[in-house]
Amino acid sequence: MLPNLTQQFNIGNIVSLASYLYRSNFKKFSRLSLFAHLWLIVPIYGWAKFYAFAGLISRLAFSEINGEPESSKVAKIQIKKRFWQFLITAILVIFICLLQFFIFYIGISIIVGTIYGISATVFGAISQPINKANPFDNTIFRIIIIPTAIAIYSSPLWFYSRFLITDLTLTIDDTNSIVAIKRSRQLSKGLTWRIIAIILVSFVITLPIQILGWLIYSIGFNILIRLITLLLSGDWANENKMFISALSLIISILINGIILMPFWQSIKSVVYYDIICCREGFDLKIRDRTRGSKPAQSG
């Protein structure tokens, strides 16, 4: 049974509801996530399958919040209609985010470089040359460069936040990639900081699983080295440590991805539901249902 949906969600509600959906559908969602990640080994078509499976998980999670659960079979029929659109949308989102980051990086570099040059001249920083071994000894360098570095490294999260629910707009609405991207940006307008906060809180919650993944990587690497040493030779193992390390890392990333994808898709579904409830009154029927009454008939 879903938690109470009669109140507007805060960040805690969103993460809690997503966690509930994740736990209650763990077996089904994990199986779909496993298939999605296995398809990654097949170029292009397999990548389209990966994003389609991700969309399928989102749709199933959303249908539960909506109070009208779909079977995987029914949901797959809807997903299949826009199969290639999922890959196209993912490519477009990555391209747009990279383009925004590139423009931002160039722009902020020019602005900061100009500000630093003026500040260095006005405040006499030239008489305090930058220590190449430790540039942070320079006061103006610290004041200007550190915030700039923070802005640059955090900017991808800012740009991506506007596209977080793109696969939901494509999955739920009968639309194409371009319209889905536009609708995602429209719905998330003014909610950037809220979405970033949701992403950060969700990241913290999943951190133990990610740490476990790195432990699996470390342990798996050592186990593979020992197995290869026993089965083949120690020399071969030592000569191919890079390959074994990469293999262990890929396995670890795949395990992490299989476990975490359903959680993140559930987060997206709850965020999308919350946004359209607030902006489009979508939840009137759902809230009536949770109170045990019939939805009002439209005139």
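1. Helix H2 passes helix H3 in a left-handed crossing. The model is a predicted one, and every point of this note should be read in that light. In sequence, H2 covers residues 26-38 and H3 covers residues 45-65. The two helices pack at an angle of about 165°, and their axes lie 8 Å apart. Because angles over 145 degrees count as roughly antiparallel, H2 is described as roughly antiparallel to H3.

2. The residues that form this contact can be located on both helices. H2 contributes Lys28, Phe29, Leu32, Ser33, Phe35, Ala36 and His37. From H3 come Phe50, Phe53, Leu56, Ile57, Leu60, Ala61 and Glu64. Sorted by class, the contact of H2 with H3 comprises 10 nonpolar, 2 polar and 2 charged residues.

3. H3 also packs against helix H4, which spans residues 72-81. Here the angle is about 125° and the axes are 10 Å apart. H3 and H4 are therefore oblique to each other. The crossing in which H3 passes H4 is right-handed.

4. On the H3 side, this second contact involves Ala52, Gly55, Leu56, Arg59 and Leu60. They meet Ser72, Ala75, Lys76, Gln78 and Ile79 of H4. The contact of H3 with H4 divides into 5 nonpolar, 3 polar and 2 charged residues. Leu56 and Leu60 of H3 are named in the contact with H2 and also in the contact with H4.

5. The largest pocket deserves separate attention. It holds about 720 Å³ of space and is lined by 26 residues. Which residues lie nearest its centre? They are Phe50, Tyr51, Tyr160, Gln265 and Lys268. Phe50 of H3 also takes part in the contact with H2.

6. Several helices supply the lining of the largest pocket. H3, H5 (83-122), H7 (166-172), H9 (192-231) and H11 (241-280) each provide at least two of its residues. The largest share, 7 residues, comes from H11. By class, the residues of the lining are 16 nonpolar, 8 polar and 2 charged.

Terms used: Residues numbered from 1 in each chain as written. Predicted model: local features only at pLDDT ≥ 70, side-chain atom pairs only at ≥ 80, totals over all residues. Heavy atoms only, no water. Axes fitted to C-alpha atoms, helices over the stretch in contact; angles between N-to-C directions. Helix = DSSP H or I, 4+ residues; strand = E, 2+ residues; numbered from the N terminus. Parallel < 35°, antiparallel > 145°, perpendicular 65-115°, else oblique. Left-handed = near helix turned anticlockwise from the far one by under 90°. Contact = heavy atoms within 4.5 Å. Nonpolar A, V, L, I, M, F, W, Y, C, P; charged D, E, K, R; others polar. 1 Å grid on protein atoms, 1.4 Å probe; cavity = no way out; pocket = protein on both sides within 12 Å on 5 of 7 lines; lining within 4 Å. Points joined across faces, edges and corners; volume = space filled by probe spheres on them.
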